[in-house]
Amino acid sequence: MALRITEIFYSLQGEASRVGLPTVFVRLTGCPLRCTWCDTTYSFSGGEMMEIADILAVVAAHPAHQVCVTGGEPLAQKECLPLLTALCDAGYDVSLETSGAFDIAPVDPRVSCIMDLKAPDSGEAAKNLWANLAHLKPRDEIKIVIASREDYEWAREVVHAHGLDARCPVLLSPAQGSVEPAALAGWILEDGLPVRFQLQLHKLLWGNIQGK
Ligand code: SF4
């Protein structure tokens, strides 16, 4: 079984509860969405086909227990599911970064899904697959990128309406260049919203460069 891969690299996890942990990233090629603030547009096309066994061999060459399968949208390739299971079987702590536009129900339950909900300014809010909320496990996390005050108010409404914080941790991130991080932090504090503010560690350390 083969998948189209943009890159496999070793870095510190930049987001969510595993932030700061040495992690191997497996970036799958392709995404049917076009979020306005997407920072991985280079993963939309290209890449090279790799067998799952070869992917595992490259992952094993790095000294990390954490593996993050990301994209693009990893679940757009159906072979992503057996890849996730193979990584779990190999003993890794596996996370999956997904747009929230694909069904997460068939994902191996040992995997932590870091699932986006797309706010309006992404231009892709219509793609949110709300049925996914019922499949979230306590080990999963919801991430919402905030590009404006309107996005924040949307997120606040969604958190309350769906009781998101009772399902799993909820992360709010400012879209780079669109909203001041301190402004978002202030809004969360003002409302006492039960979410976690986060900045992307890898961008603070290295800037917005590929492979970091
Ligand atoms: S889902 Fe992710 S990879 Fe796809 S366009 Fe949006 S931010 Fe980019």
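A residue is taken as buried if 20 or more other C-beta atoms lie within 10 Å of its own. By this criterion, 5 of the 6 residues of strand β5 are buried, so β5 is largely enclosed by the rest of the structure. The structure described here is a predicted model. Strand β4, which spans residues 66-70, is likewise largely enclosed by the rest of the structure, because 4 of its 5 residues are buried.

Both strands belong to an open sheet of 9 strands with mixed pairing, in the order β3-β1-β2-β4-β5-β6-β7-β8-β9. The edges of this sheet are formed by β3 (48-51) and β9 (196-197); each has a single partner strand, so one side of each is left without a neighbour in the sheet. Strands of a sheet pair through backbone hydrogen bonds, in either the parallel or the antiparallel sense. Both senses are represented in the pairings set out below.

On one flank of β4 lies strand β2 (residues 22-28), and the two pair in the parallel sense over 5 bridges. Within this pairing, Arg27 has Thr70 of β4 as its bridge partner. On the β5 side, β4 is joined by 4 bridges to residues 93-98, again with the strands running parallel. Two bridge pairs can be named here: Gln66 is partnered by Asp93 of β5, and Cys68 by Ser95 of β5. The connection between these strands involves helix α2 (residues 80-89), and β4, α2 and β5 together make a right-handed β-α-β unit. Strand β5 in turn pairs with β6 in the parallel sense, over 4 bridges, and Leu96 stands opposite Cys113 in β6.

Antiparallel pairing is found between strand β1 (residues 2-12) and β3, which are linked by 4 bridges. In this pair, Ala2 stands opposite Glu51 in β3. Helix α1 (residues 52-60) lies across β1, β2, β3 and β4, and runs at about 90° to β3.

Val67 provides a view of the surroundings of β4, the strand in which it is found. With 26 other C-beta atoms within 10 Å, Val67 is buried. Beyond residues up to four places away in sequence, Val67 touches Thr23, Val24, Val26, Val59, Leu87, Tyr92 and Val94. The C-alpha atoms of Val67 and Thr40 are separated by 18 Å, the two residues being 27 residues apart along the chain.

Thr40 is also one of the residues around the ligand, a group that further includes Cys31, Leu33, Arg34, Cys35 and Cys38. Gly71, Gly72, Glu73 and Ser99 are likewise among the residues around the ligand. By class, this shell has 4 nonpolar, 4 polar and 2 charged residues. Two of the glycines named here share an unusual backbone feature to be noted: a cis peptide bond joins Gly71 and Gly72, with omega of about 15°. Gly72 is found in the loop between β4 and α2.

Two residues of the loop between β5 and β6 (112-116) were examined in turn. Ala101 has its place in this loop and is buried, because 20 other C-beta atoms lie within 10 Å. Leaving aside neighbours within four places in sequence, Ala101 is in contact with Leu33, Glu73, Lys127, Asn128 and Leu129. Of these contacts, Leu33 and Glu73 are also listed among the residues around the ligand. By contrast, Gln198 is 97 residues from Ala101 along the chain, and their C-alpha atoms are separated by 22 Å.

Ile104 lies in the loop between β5 and β6 as well. Ile104 is buried, with 21 other C-beta atoms within 10 Å. Its contacts, again without neighbours within four places in sequence, are Thr98, Cys113, Met115, Asn132 and His135. Although Ile104 and Asn132 are 28 residues apart along the chain, their C-alpha atoms are separated by 6.3 Å.

A further backbone feature is present at Ala16, in the loop between β1 and β2. Phi of Ala16 is near 60°, a positive value in a residue other than glycine. Ala16 counts as buried, because it has 20 C-beta neighbours inside 10 Å.

Definitions and conventions
Residues are numbered from 1 along each chain as its sequence is written. This is a predicted model: local features need pLDDT of at least 70, side-chain atom pairs count only at pLDDT 80 or more; totals for chains, interfaces and linings use all residues. A residue is buried if 20 or more other C-beta atoms lie within 10 Å of its own, exposed if 12 or fewer, and partly exposed in between; C-beta atoms are placed from the backbone. Two strands pair if DSSP finds at least two bridges between them. A crossover is right-handed if, with the strands pointing away from the viewer, the path from the first strand over the helix to the second runs clockwise. Two residues are in contact if their C-beta atoms, placed from the backbone, lie within 7 Å. Axes are lines fitted to C-alpha atoms, for helices over the stretch in contact, and angles run from 0 to 180 degrees between N-to-C directions. A residue is near a molecule or strand if its C-beta atom, placed from the backbone, lies within 6 Å of it. Ala, Val, Leu, Ile, Met, Phe, Trp, Tyr, Cys and Pro count as nonpolar, Asp, Glu, Lys and Arg as charged, and the others, Gly among them, as polar.
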